[in-house]
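Visitor: I would like a close look at one part of this model, the way its helices pack against one another, with a word beforehand on any notable contact of a charge with a ring. Please take me through it in one connected account.

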Amino acid sequence: MPESAAVAWPWLRARLAGLRPAPRLGVPAADQPQARTAVVTDSAAALPAEWLAAHSGEGALTVIPMPVMVGADIYGEGEDDILETIAVALASGVAVKTSRPSPGQFEQAFRAAKARGYDAVVSIHMSAELSGTADAARLAASKVDIPVDVVDSRTVGMAQGMAVQAAVAAAALGADAAMVVASALGQADRTRVLFYVPSLEQLRRGGRIGAAASLVGTMLAIKPLLAVDGGKIVPLEKVRSAAKAIARLEELVAEEVRLHPVPIPRLAVHHFGNSAEAVALAGRLAADLPQCEPAQISSLPAVLAAHAGLGVLAVIVGHDLPDEIVSELST
């Protein structure tokens with residue numbers, strides 16, 4: 001996945017170039033009116049550190065850390081060894097919980113965007129079915145005097161991250177807030193999350209398994225494959241061994257890629273406590289799907305790792321918007 005500040009997604013760059021207002025005769029280019037939209041998100045988006053460093057300048061993108069409670073202690077995404085702390089806690093039976101960021105954190109981010117000269121903010125968050133983060137952002141938006149559009153991505157992880165990347169690319173090319181929102185939602189709608197967990201216990205404890213609850217009674221005998229659909233975690237299949245579950249996960253990813261071959265999909269692999277398995281999985285996907293760029297590999301964000309538990313493998317398949325759909329969004 002491109003992580004250079006100079007690279008924008010071709011479909012978005014080509015379409016948004018036509019959205020900029022025509023230059024006004026006699027007015028220097030530097031003085032031409034341009035939309036100035038800042039993007040805010042939460043750390044569940046799992047954005048790559050290198051990409052963040054390249055796109056967060058001048059407040060164009062702000063990431064609000066999601067809190068994780070381990071026992072009586074509260075941690076924020078990005079703190080040293082937080083994933084190791086969560087892993088040790090889960091292995092030893094210490095309670096691990098998560099919470100939404102405070103509305104005050106969002107209010108501060110929104111006010112900072114205005115102070116930097118932005119005209120509007122688009123705030124993109126993990127599924128409202130799984131977290132109250134979007135509600136916290138909406139409460140903050142009601143208290144500031146800059147227009148804020150709060151977007152429920154209805155997904156998580158790098159699927160949410162791809163929506164954020166689309167929004168940032170749109171904003172960087174001068175799109176107004178409405179087009180930035182449309183770009184984010186359009187990308188999120190075309191991004192799939194498929195994942196395997198060795199056990200449903202941590203998801204059950206956190207109340208995040210939704211329709212997958214029917215699997216809990218047999219969770220010791222099966223290895224579940226799950227997906228994020230409509231903002232919720234839903235069951236896909238029950239498989240009798242870890243090896244078969246991971247092999248089936250690869251098959252489902254390949255089916256998803258081949259179902260929508262154009263534009264070429266982008267892949268990401270998340271893991272928690274099993275990086276070697278993630279590297280091996282990404283290698284097999286690269287061999288089976290040579291048309292795709294190699295998958296980006298990263299640990300789950302702490303807020304998601306706390307619920308998925310150790311040993312999770314997630315694959316995100318992102319399909320960029322075809323030109324005809326982008327054209328509809330921009331009219």
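Guide: The charged end of Arg-36 lies over the ring of Tyr-118, at 4.1 Å from the ring centre, and the model in which this is seen is a predicted one. As for rings paired with rings, the structure contains one aromatic pair.

Turning to the helices, H4, which spans residues 103–115, packs against H5, residues 133–141, with the two axes 8 Å apart and at an angle of about 55°. Angles from 65 to 115 degrees would count as roughly perpendicular and those under 35 as roughly parallel, so H4 and H5 are oblique to each other, and their crossing is right-handed. On the H4 side the contact is made by Pro-103, Phe-106, Glu-107 and Phe-110, which meet Thr-133, Ala-136, Ala-137, Leu-139, Ala-140 and Ala-141 of H5. Sorted by class, the residues of this contact comprise eight nonpolar, one polar and one charged.

Further along the chain, H6 (residues 157–172) and H7 (residues 177–189) have axes that come within 8 Å and cross at roughly 150°. Because an angle over 145 degrees counts as roughly antiparallel, H6 is described as roughly antiparallel to H7, and H6 passes H7 in a right-handed crossing. The residues that H6 brings to this contact are Met-162, Ala-163, Ala-166, Ala-167, Ala-170 and Ala-171, and they meet Val-180, Ser-183, Ala-184, Gln-187 and Ala-188 of H7. By class, the contact of H6 with H7 holds nine nonpolar and two polar residues, and no charged ones.

The remaining pair to describe is H9, residues 242–259, with H10, residues 275–288, whose axes are 11 Å apart and which pack at an angle of about 40°. H9 and H10 are therefore oblique to each other, and here too the crossing is right-handed. From H9 the contact takes in Ile-246, Leu-249, Glu-250, Val-253, Ala-254 and Arg-258, while H10 supplies Glu-277, Leu-281, Arg-284, Leu-285 and Asp-288. In terms of class, the contact of H9 with H10 consists of six nonpolar and five charged residues, with no polar ones.

How values were computed: Residues numbered from 1 in each chain as written. Predicted model: local features only at pLDDT ≥ 70, side-chain atom pairs only at ≥ 80, totals over all residues. Heavy atoms only, no water. Axes fitted to C-alpha atoms, helices over the stretch in contact; angles between N-to-C directions. Helix = DSSP H or I, 4+ residues; strand = E, 2+ residues; numbered from the N terminus. Left-handed = near helix turned anticlockwise from the far one by under 90°. Contact = heavy atoms within 4.5 Å. Nonpolar A, V, L, I, M, F, W, Y, C, P; charged D, E, K, R; others polar. Phe/Tyr/Trp six-rings, centres within 6.5 Å; stacked < 30°, edge-to-face > 60°. Lys NZ or Arg CZ within 6 Å of the ring centre and 35° of its normal.
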